[in-house]
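The following report describes a single molecular model, moving from its secondary structure to the surroundings of its ligand.

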Amino acid sequence: TGAVLCLGETMGVVAPMAPEPLRLAETFRMDAGGAESNVAMGLARLGHRVVWRSRLGNDPLGQRVLDRLVAAGVEPWAEIDPDRPTGLYLKDPGAGVHYYRAGSAAASSSPALLDAVRWNDVSIVHVSGILPALSAGCADLVDAVLDRAAAASVTVSFDVNFRPALWSSQRASMFLRELARQADIVFVGLDEAQALWGSADAEDVRRLLPDPDLLVVKDAAVGATAFHGAAVVFEPALVVDVLEQVGAGDAFAAGFLAATLEKRSLGDRLRLAHTCAARVLGTTGDVW
Ligand code: KDG
């Protein structure tokens, strides 16, 4: 079996050490953050071979991103852009995130990023709804991923990851639904499905997205429901003290995909997903 391939922008992330407002915090950590590479780091942590592909600037931030990925056990493959910087984002615990990523190296990605991907060495390709929001070239890249994965019979994992700061729900709604329809494994938060499609509950989301072989609808602290053929399995979330939530969804996806690669039951996959998410909820970082 091949490696998992994760594609998406990875930025420098600056987060207060303690869960204090950004405006007041005095000590910070700087890591590498980005939804798809968070998933990659989680999968590596769980013992799976994982490759990450994207673009970075020719700057210390880009170097730092590469170093972090390597240290986390991910095999990074980055195209270095001589003209555009590596993106950055800041965490404001309890309030959200602030992006400094417009015009970044990764935002100028295109299907060329897939040149030299050896699809027969890929078990699962993972992308998210953040990538198509970055630029027309990035949207083309996601389409190319879906086409080439289908041609090579590679499983596509897609996390809807609606980011209202990047595009309107109006634009995202059709786009993300279409991408989700074409994926094999789909992760979506019930809150996202509500904002995008007006879904009332997990069953509602399944009616809207009947195509994916596996659909996982996450209802935050309540739990998650997996749909697979006629099987519907709900698993409650763990009870945790939340320090800062960014990255928890990625840890969830990493746990679920790891257990999927290990051919475990739906219930086991959801339980590992919740366990990984709980670890990230207990830190101000993006990963555990
Ligand atoms: O899922 C966590 C991501 O939101 C975070 O790492 C930053 O990639 C990011 C984004 O675009 O929001």
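## Sheets, helices and ligand shell

Helix 4 (residues 136-151) lies across strand 1 (3-7), strand 8 and strand 9, and runs at about 160° to strand 8. Contact here means heavy atoms within 4.5 Å, while helices (H or I, at least four residues) and strands (E, at least two) are DSSP runs numbered from the N terminus. Axes are lines fitted to C-alpha atoms, for helices over the stretch in contact, and angles run from 0 to 180 degrees between N-to-C directions. This is a predicted model, in which local features need pLDDT of at least 70 and side-chain atom pairs count only at pLDDT 80 or more, whereas totals for chains, interfaces and linings use all residues. Residues are numbered from 1 along each chain as its sequence is written, and side-chain values use heavy atoms, with hydrogens and water left out.

Strands 1, 8 and 9 belong to an open sheet of 9 strands with mixed pairing, in the order 5-4-1-8-9-10-11-12-13; two strands pair if DSSP finds at least two bridges between them. Strand 5 (75-81) and strand 13 (231-236) stand at its edges with a single partner strand each, so one side of each lacks a neighbour in the sheet. Direction ignored, neighbouring strands of this sheet are turned by 15° against each other on average. Within the sheet, strand 8 (residues 122-128) pairs with strand 9 (residues 155-159) in the parallel sense over 5 bridges, and Ser128 stands opposite Asp159 in strand 9.

A further open sheet, of 4 strands, has the order 3-2-6-7 and mixed pairing. Its edge strands, strand 3 (28-33) and strand 7 (96-100), each pair on one side only, and the twist averages 25° from one strand to the next. Strand 6 (residues 88-92) and strand 7 pair in the antiparallel sense over 5 bridges, with Tyr100 in strand 7 as the bridge partner of Leu88. Helix 2 (residues 60-71) packs on this sheet, touching strand 2 (11-16), strand 3 and strand 6, and its direction makes about 75° with that of strand 3.

The ligand is surrounded by 14 residues, the closest being Ala35, Tyr99, Arg101, Asp250 and Asp286; a residue counts as near if one of its heavy atoms lies within 4 Å. This shell divides into 6 nonpolar, 4 polar and 4 charged residues. Polar contacts (pairs of N or O atoms within 3.5 Å) between ligand and side chains include these:

| Ligand atom | Side chain (N or O atom) | Distance |
|---|---|---|
| oxygen | Asn38 | 3.3 Å |
| oxygen | Tyr89 | 3.2 Å |
| oxygen | Asp286 | 2.6 Å |

Taken alone, the ligand exposes 310 Å², of which the protein buries 95%, with accessible areas from the Shrake-Rupley method and a 1.4 Å probe.

Definitions and conventions: A polar contact is a pair of N or O atoms within 3.5 Å; within protein, one must be able to donate a hydrogen and the other to accept it, and residues adjacent in sequence count only if both atoms are side-chain atoms. Ala, Val, Leu, Ile, Met, Phe, Trp, Tyr, Cys and Pro count as nonpolar, Asp, Glu, Lys and Arg as charged, and the others, Gly among them, as polar.
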